[in-house]
Each structure stands twice: as structure tokens, then as C-alpha cells.
Amino acid sequence: MGRLSLLLALLVGEGLTFQAPTFLNARPSIRSKVDLVDDSAAGHDLDQQLRRDDAVDVDSATRRRLVLSLIASSSLAPLVGNAVTLSSSSNTIAAATAAAAAATQYDDKTYTVIKPPLDKREYLTYTMPNGLNVLLVSDPASTTAACAMNVHVGATSDPAEVRGLAHFCEHMLFLGTELYPDEDSFSKFLSANGGTNNAFTDSEKTVYYYEVDGSIDKRFSESLLRFGSFFSGPLFTESATGRELNAIDSENSKNLQNDIFRLYQLEKSRVNSDHPFSKFFTGNKQTLLEDTKRQGINLRQELVNFYEKYYSANQMSLAVVAPQKISELKKYIADGFGSIPNRNVVAPENAWAYSVPPYKEGSSLIPAEKSIVEIVPIQDLRQVTVTWPVVFASKEERDEFRLNKPDNFVASLLGHEGVGSILSYLKGRGWANSLGADSNANLSDMVTFEVTVELTNKGLAKIDEIVSSIFSYIQMLKDSPIPDYVFDENLQLDELQWRYTTKGKSGPYAESLAISMQEYPTGLAVAGPRRLALRETRSSLINDGKPRMSFASNEQRDIIKDASKNLINKLTVDDSFLTVFSKSFEGKTKQKEKWYSTEYNVRPISSSTLLSWRNCASAASLGLAYPRPNVFIPSEQGLRVKNQPRQGDERARSFQEKIKPIPPPSIIRDDGDEGRWTVYFKQDDRFGKPKAFLIFQLMTDEVYSSPLKAVLATLYQQSAADKLNEYTYDANLADMSYDLQVLPRGVRLTFGGYNEKLGDFASYVSTKLARDFEDVLPRDEDEFERYKDNLQRALSAFKVQQPYAHAIAYASIVSIFDYACRMRALQDLTDTLIKNLQTQLPRNFKYTNEELTGAVKEATLAKLVEYVKTLWSSGKGEALIQGNFDRSEALDIVNTIDKTISFETSTRDRYPARLRALPLPASKSDESPTTLKISEPNPANDNAASHITLQSLGTSEKDHVLAELLSSVIEEPFFDDLRTKQQLGYIVSSGVRAVDQSRTLSVIVQSNVAPAEKLTASMVAFLDSVEEKLLKPLTAVDIELFVKGLVDSRLEPDKQLATEVTRNWSEIASGRFQYDRLKAEVAALLAIKKQDILDFWAKIYKEERRMLISEVIPRKGPSSKEPALSSGYESGKPDTILGINDIKKLRINGERSLSA
């Protein structure tokens, strides 16, 4: 997987990434669209396939970084120490007002921002009088606005005696300011204006950001005033400081069973103990409360000191993306941020960077160079990582590394997956499943470069040989000149992304800009992290956004070649160190890490092994070679757009324009109900890109009709992906991809990317999958067992997920999922396993973890071959062709695929049934609802969780939008009550989801301080109070604001082709064909009255209550007695308290109710 860390791909239980953080948010956003679970099953995958199409939001170079927190605004907060006041340098309200007025006089010096060719927004960057660097982006076509502040201080600046202080400070800024003293003031404001917010603490930065409705100038400008007061006058109240310690401790508790955090801390333990990167960053009650008390430290005063020492305007960067004009935004920024004090502080890293060596022999807790650490993981991971420190001698050297990005080029070679690659060699020996290369530990004075190999069982015993092959390839890089076309192609591919980059979501974009403003020269905030070869010559930078299909000169290429050579020369045997993950070390370790209790061994790499690596075999003798030229890169002629958009997206649209339906796809081939194909087509006339999607689904029954068939489907998908990888890898680099899924209703193939070679690509892949399928099946029993091992380990991963994930799984509410078994990769596999425990899906659409585990044991290579023979044999075809094709081209592609698959048509009675939601058991408001009590599968996790689901079976748009509106009303008060006030846990969340035409409103809490029963009681008490405390007090203005947020999100223009394709396929595959669904929901929203909300709540909570409580009870920690496996319900005894063994009976009863 090239430049992707394998650990991230394998850690299927957590949703953490390292460029755009995706923890389960403590406060979920107000959803613009309900997450649909229906027969479409395409949406999430299409978005994933074309995620690079939205490259403005994601750096082109995937970077791995630890995100210590992703809190959502005001959640935080009896206390520690004596009363302490901010020093005289703090801002009073009067001073803030005066400073804001003075700041209206701007520095006249502004800078040109290099932006992508298709980006029509207006940019302006400048420095305010107080030293704050600002980047404004005016986007009149958008209805949302976003703001991000990057404070140039992070966890490396924690005082040695108060570990986790930077992270704690981040939490505290949300809890009241001088201008807005109420702790929940900001979150309430955002909730009422369709907004969301978050923050995270990194090693050297702390980033705060939010999104909000930007269409009302007054409300948006007020949001900036509120946000700006975080940085000019935070309160750090005593009560909030004491309470927020619980949130920090709960956050740390949920991470204790997370392999990412555990590995990260061990990595830092190999760093020089005098270097600040070696610290424990998150913090907990021990470091922030107990240790400070023992040392006589006043924690609140430490917070104040930290804020006053580092939170200075001259060390901050602000990015704003909004629909207002630049001139208006400048005034808003002056009012909101002009009062931030400029303390004229120097960059925090000046205290240690380039003077304290990151790695120093004998000065770390765990040795680094020439040593190996063997770690027992929580999940069944099996991998080896080779790491090299890349240490910079000066800031200038660090800056040059960012500008030249040699790690991108070197990683593209070491991480390649085609013929002649390291991975190809290792797979041929049966030692590896996948491989990744990338840089890590991104600090001012160093990065680390890593190659990670995900191992087979055989590979675990061959680590020395595997590492030797890596050094063989590195030696080839040193001895044999890298061909120029390698550099040229990297540039071409990168510039293609730049050339067709379009707008993404405002929030992530503002965040990325605020970060890059401090990493790249002025004017390169957009281009810096998204383009290669930022130097035009050795003395000048690039100065425009025109896409390049080649280097501007030999000098420019030589700059990159020299930088790459310098990096390659650092990848030596003597500077390397190894990390190995495997369950095989369990019971054999002698050491335990302090903060996460990770069991590990450390030992020196033997002299003989080091010598063998220095004298490794030649690359040629192992069949290693440079990548072949990439034939999938589109030609200039192939980039021609057939139908240019009628208008750009740079202007503001009227409501009438927004509400106007988007023309749907048309049927261009209809062979009848029992004919071969129904083909839908739409030529793109909105996005102006030379890209397209091809979706083919063969509807057929029996392919998923038993646990064994579900397992065989997964093994087929795994094997096919593996066998096709050497062919498809170059296509993927050139932004063409495919996806194979075996679903309960048949088989689906999806292709996407540049259209010039997409038809040929689809033809080759479909031929291999459907006609020459033996080419993509395991070649022997050993290879088959390798795929089975992957599947078994993925199934076992379910047990070590977080308790909240288990509660969600058992209750049938999962974030962004479909009914399909999407187990093409380990993460998708585990997502599916969660779904397989859902109580609202019919049994033929799911299988339990236990059923699948048993079926894996039954699976044989012979059974797999027989299964695949019948997979494509008969059915009914549905297809959607959308993008830069004309009608005749679309029909030709379908004809080609039709001949390739060559299936027999089925009669209508053989078509598989569509998904329907199972009704939850009904109960009266004075009766106990159905409750599942389940023991936490992971005995080492001491967190409890409880999840409550309220189901609405209404099918009208009005019913659907009322569920969303209720979710919007409940979200902030629920979070404020159970987390901020009651401090029950770090994870406190609410939201709405859909299964077919039903909607479910859900709330969830995970806690390390309260048992599941208490969590349930607190949530029920909150729900009991909703009508009196939240709904009856609603004013007409309140309702209008909530409605406006939901309406605006639906009317926000699509930003990429994948979004429209996803929506269209959802309507086709589900059989609804309601292409204007969002517009119909807008109409329903605009008609909502207060009485409608009250009536709907009374219906789902009192009159027709279908409520399910799912409690996960830990085996240690906040627990009650061990729950029974069954209450007798399975054998027919009626009961409302159920065990895990009663789920099957509960579903059977639901199916009977459905068919009654």
C-alpha cells in the first residue's frame, strides 16, 4: 500500500488517521444527511475511491501523526489548588474592545496565494498588527463557513513536572471566556446555527477549528467573536479545571487498549530522554492531579502560566473559509482576533531543536539504533517496521526537506507494489501480505523514515531475511542511478491531482490551511503540502499554480534527485532499528511500558545479522528492480472534457437555484424485467473533470445465503485483490481504482478515475474476475491458508474494539455502513462484523461473529473454486455510467462487460429481496424497554458503555426530517449534561441513523468511572426531560435556526462527482428512484411547526415507543454482576432483560412482526 502505514490499515477497531483525524468525536456533528443503510451500498466506497478527487482537503503526502484529542467544544470542566487570577497582562472586556478597534488598521502588505487552476475562490493572506498571520478564503457559492486557529505550541512544551498540560489547556479553552463566561456558551451557539467544532494537541501545535452556517453575516461574525475570545480571555475557572480532569482521565482510559497509542509511546521511549518528544503527551489524573499535588504545584496556576507563556498572537495562524467578501471578512477578523495579545515570544522549539539530539546512545529508556523491540499487541497484528532517524542540523535544512519532499520519492520506490518491488518478492516467498513506506515523527529537528511489512505466519520466522531484502533494494538505490522517469512520473501524478483539485468541505480545509501556514513560506499555504518540487531553481520557489506535466528544467529535477540521494544515504544498517508486533510474544516478555502497560522485549540485533545486512544479496539476484513506466497516466488528449460545465461554482446562488432539482440519470438500455440489463447514464455537465464512474451489479440470490458463502465471498475478494494488485497498483497511482463486493443481493463491480483508459481497465479486471477467475484464486493450499489467516485475525479483532463500539454493534447502530459484507480489506472486514451483530437487520443479511468464525474452519480451497464458478453464472444486471463519457461510449462499455461476464438471465422470482428494517419490540412508556446486557468481550478493558436506540418506522419525508431535527435539538444539551456537568465519560454522543425507510435516534456514553446501569439511568432521565426542558421551551426562532442548518446542509452544492454518483446509485439500487430526495426533505423541513416536533416525540417516546437499551459491562472496573448469557427469552420465556444468546430469538420475532 505504498505510502500508507500498515499499522493504521490493520488497526481495524479504531478510526484514527494521521492527517485528517477521525476519532469517534466526543461530539458528533449535526448530520446534513442521515446515514442510510439500504440496498445501495455504494456511497461510502465511492467516496473512498475518489477521496483524492477532493485533494484540497487532504495533503498529497500522507503523514502519520498522533492526535491526542478530538474534543468537540464545550465539554469540559471541582477543583484543585487555591484561587488564582490571570496576570495583569490578561485582557479585560474593555481592553479587548479597545484592542479590536485599534486592529482595524491593517498591515498593507499582502501576499499572493498559489492555488489550483479550478479553484475560483478569492484568497488573501496578511499579518495583523498584533502579529497574527491570517489567510482568508472567500467562497460565495458556499453556505457554510469555517475557521481554524493553529497555535504553535504542543505537547513537547509540557513542563517536565506537569505531563499533559498542553492537552489540558486545549480542553480548558472551550470552558468559558471573559466575553462569554458560560461553559457551554460556544457549543450552544454552534448547535443553534448548524455548527460543529473540534480541537487536537500535537507535538508542536494545538489546532482549534469549527464550522457554522455562514449565510447570515451577523451570526457568523458573532461566531468569530466567540472563537477569538478563546485566545484573548479564557477563564480557566476553578470548577471547570477540576471537572475537566475527569474528561482527560477518561480520554486516556479509552486509549489504554489502543495499539496505536501503545506503539507511539514505545517509539518515544526510544528517543533521548532529554528530548521533549520522549514525554507522555496525553496526561491523566496521575500526572495532572496526583503528581502536582505531591510536588505542591497549583494546577490552575500552571495552566495560566502555560497560556501566558505560549499563547501569543505572533505564534498563531488563522484560516477562515466563508461566503463573505474579503473586505467583510477582514473587518470580522479585526473585531474577533485583534485583541489577542502579542507577547513577542520565540518559537518554543528554539529551546531544544538542533541542540538536544533526538537519539543518543545510552540516553533513552529503550535502545534505538541496532536494536529490536518485540511487542505484544492488543489485536492480532503481525508486522515488522524498520525505522531510520532523519535528523536536521538547522531550521534551513528542515525547511528544504519540506520543500523538496524527498521522502515522497523514496517511499514511492520502497513502497511500490508492482513487478520487481520488495512486496512482490516477499509475497512470492509467502512472507508478507502487504508493505508500506513513509515518513513519521514529523518534528522541527527530525523525522523518521519507515518501511513496514505486514507478515504472514511464515514471514514472522523470516524477519532477518525480510529486512535483508529491504537493504538489498536500498543498496540498488545507492549503486544504480534512479531513472529520470521515476521522478517525472511522481511529478506528473502529483500535478494531475493538483490540476483537478476542487473544493472540499470548509472545516477540514480551514484546518489544513492553518497548519500549512506555519510549515511553508507565505503564499504556499495551499500548494505547499499538495505539490512536489516547490523550488523552481536552487535559489527560487515556484510562483504560480499552473499544472506541470514535467520538470521546468534539468536543474529542478536535479534538486529533487540530490535531496532523494541524501535521504537514501541515511538509510543505513547501523542507523536502523526494528519494531515487531506479534501475539506470539505473549507470555515471553520481560518488560512493561509505564503509561500503557504494553508488554515488550528489547534486545540488540546480533553482529552477525548486522553484517549480513551490510553484505546483503544484490537486488537483481532477488528479482528486485525499479518500477516499470506507468502506462495508466492519461495523455493530454485524454484529459479533454466532453461537456464543459454551464456555469462555475464561484458565485452565490439564490434559493430558487439551490432548490432546482439536478437532472437524474436516464435509462439508455432496458432489456425488461427479466432481461439482461437496465443501464442508467448521465454525462457530467457539472464538475468539468475528465473522470467517470462505472458501476455494475449482478443481482443474484444464493451468493450470500449462508455463513460459509459469506466467508467464501470474502476469501474470493481477498485473493482477487491480491492477485490483481501488481496490475492495478499503477492504475491506482494514476487515480483509477476498482472495487469488488459480494453482497447479499449479488455481486457489484465499481470502477472510477480518469476516463481515457477506464474502459480498458474495467474490461481487463472484469475478465479476470468473472471469466478467467482461476487466475485470481489461490494457487495452492499454502496461499489459501494465508488468506484464511487474515480473515480469522480480522474476525478476532472485534473482541478488542472499544465498549462503545460493542454497544453500538449489538444495538444495530453503526456509523456509515451498508448491509453488505465489505470485507475487501481488514478494516472493512471488521466494520462488517459489527454489522453482523445488528438487531435491526434480517438474518439473511447478516451473520454473527461466531457463525463466521465457524464457517472459516469449514472453508476449503475446493469449496472456494466451486463457489466462484457459480458466482457470475446468472442474474439480472443493473449499471450506472456517469462522468466524462458520451452515450455511445457508455453503451460500448456495458456491451464489453456483458460479453465478459456472460451470465444467464434470471426470472423475476429469483431476484433477491431488498433490505427491510426489523421493528424493535414495542413497549409502553410506563413499561421497561428491552435491554441487552452483554459482558465486554475484552477482559482487559475496564470501561462500561450504554447505548439507547429509539426507532421510528415512519416512511414519509416529514418523519425522516423530524428525527434529524430532534437529534439537532438534543445533541448539545445531552453532551453538556452527561459529560460537562455529570462527567460520566469522555465519549458522550448522540445522532440519527437509517435502516431502509426507518430512522433511529440514539444516545451513547462510555465511562471508566460509572457502571453501565448508572449510564443507562442517566440517559433515560435525560430523555424523560426532553419534552419539558427542551421541546416545550422552543421558540419559533429556535426552530427556524435548527431547520435552517439542516436545509443549508442539503442545499450545499456537491463538490465532487463521487457525491452525485453515490446519491444516484443509492436511489437506483434501493429501487426508490427518488433522485430529488434531498429537495423533498427540504420542503418537509420548511413546513415543520413546533407542534409537529412535540407530536413526533410523543409518538416515538410514549405512544409507539420502540426502544432498545444495549449495555456493555466490563469484567473489571465500573461493573455490576456478570450478565447472564440468556434470560430464557431464547426458549420462549418473555423477558425485557436479554443476554447475548437471546439476540437470535429477538431477530426472529422481528422478522415475524415484519411479515405479519
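Does D898 count as buried or exposed, and at what relative accessibility? This is a predicted model, and in it D898 has a relative accessibility of 12%, so D898 counts as buried, the limit being under 20%.

D898 is a useful place to start, since two salt bridges can be followed from it. In one of them, the side chains of D898 and R669 meet, with 3.9 Å from N to O. D898 belongs to helix α29, residues 887-901, while R669 belongs to strand β17, residues 666-670, so this pair ties together parts that lie 229 residues apart in sequence. R669 is buried, as is D898. The other salt bridge runs from D898 to R676, and here the closest N and O atoms are 2.7 Å apart. R676 sits in the loop between β17 and β18 (677-683), so its pairing with D898 in helix α29 ties together parts 222 residues apart in sequence. With a relative accessible area of 22%, R676 is partly exposed.

Side chains of opposite charge can pair when their charged atoms come close. In this model the count of salt bridges comes to 57. Another of them is formed by R1050 and E1081, whose side chains meet at 2.9 Å, N to O. This pair also links distant parts of the chain: R1050 is in helix α32 (residues 1036-1051) and E1081 in helix α34 (residues 1077-1086), 31 residues apart. Both R1050 and E1081 are buried. Elsewhere, salt bridges with shared partners join K427, D722, K723, R779, D780, E783 and R786 into one network.

What, then, of R402, which is buried yet has no salt bridge: which side chain of opposite charge is nearest? That side chain is E519, 4.1 Å away. The cut-off for a salt bridge is within 4 Å, so the pair R402 and E519 does not count as one. R402 is found in helix α12, residues 395-404. Leaving aside residues up to four places away in sequence, R402 touches N442, E519, Y520 and L534.

R1147 is another arginine to look at. R1147 is part of helix α36, residues 1143-1155, and its relative accessibility is 1%, so R1147 counts as buried. From R1147 to L920 the separation is 227 residues in sequence, but 8.8 Å in space from C-alpha to C-alpha.

The strands come next. Strands of a sheet pair through backbone hydrogen bonds, either parallel or antiparallel. One open sheet is made of 7 strands in the order β10-β11-β9-β14-β8-β16-β15, and its pairing is mixed. At its edges stand β10 (432-440) and β15 (591-592); each has a single partner strand, so one side of each is left without a neighbour in the sheet. Within this sheet, strand β9 (residues 382-391) and strand β14 (residues 577-582) run antiparallel and are joined by 6 bridges. R382 stands opposite S582 of β14.

Another open sheet has 6 strands in the order β26-β27-β25-β28-β24-β29, again with mixed pairing. Its edge strands, β26 (987-995) and β29 (1137-1138), each pair on one side only. Strand β25 (residues 944-952) pairs with strand β28 (residues 1107-1113) over 6 bridges in the antiparallel sense. A945 has V1112 as its bridge partner in β28.

Two helices can be examined for length and burial. Helix α10 (residues 299-310) has 12 residues, which should span 16 Å at 1.5 Å a residue; its end C-alpha atoms are 17 Å apart, which agrees. Of these 12 residues, 9 are buried, so α10 is largely enclosed by the rest of the structure. The buried residues of α10 are L299, R300, E302, L303, V304, F306, Y307, E308 and Y310. Their cover includes β4 (144-151), α4 (165-172), α6 (217-232), α7 (238-255) and α9 (285-294). At the N-terminal end of α10, N298 acts as a cap, with a side-chain oxygen 3.1 Å from the backbone nitrogen of R300.

Helix α11 (residues 326-337) also has 12 residues, and from its first C-alpha to its last it reaches 16 Å, close to the 16 Å expected at 1.5 Å a residue. In α11 the buried residues are I326, L329, Y332, I333, A334, G336 and F337.

How values were computed: Residues numbered from 1 in each chain as written. Predicted model: local features only at pLDDT ≥ 70, side-chain atom pairs only at ≥ 80, totals over all residues. Heavy atoms only, no water. Pairing = 2+ DSSP bridges. Helix = DSSP H or I, 4+ residues; strand = E, 2+ residues; numbered from the N terminus. Buried < 20%, exposed > 50% of the residue type's maximum accessible area, 1.4 Å probe, protein only. Expected span 1.5 Å × (residues − 1). Contact = heavy atoms within 4.5 Å. Polar contact = N/O pair within 3.5 Å; in protein donor to acceptor, adjacent residues only side chain to side chain. Lys, Arg positive; Asp, Glu negative; His and termini not counted.
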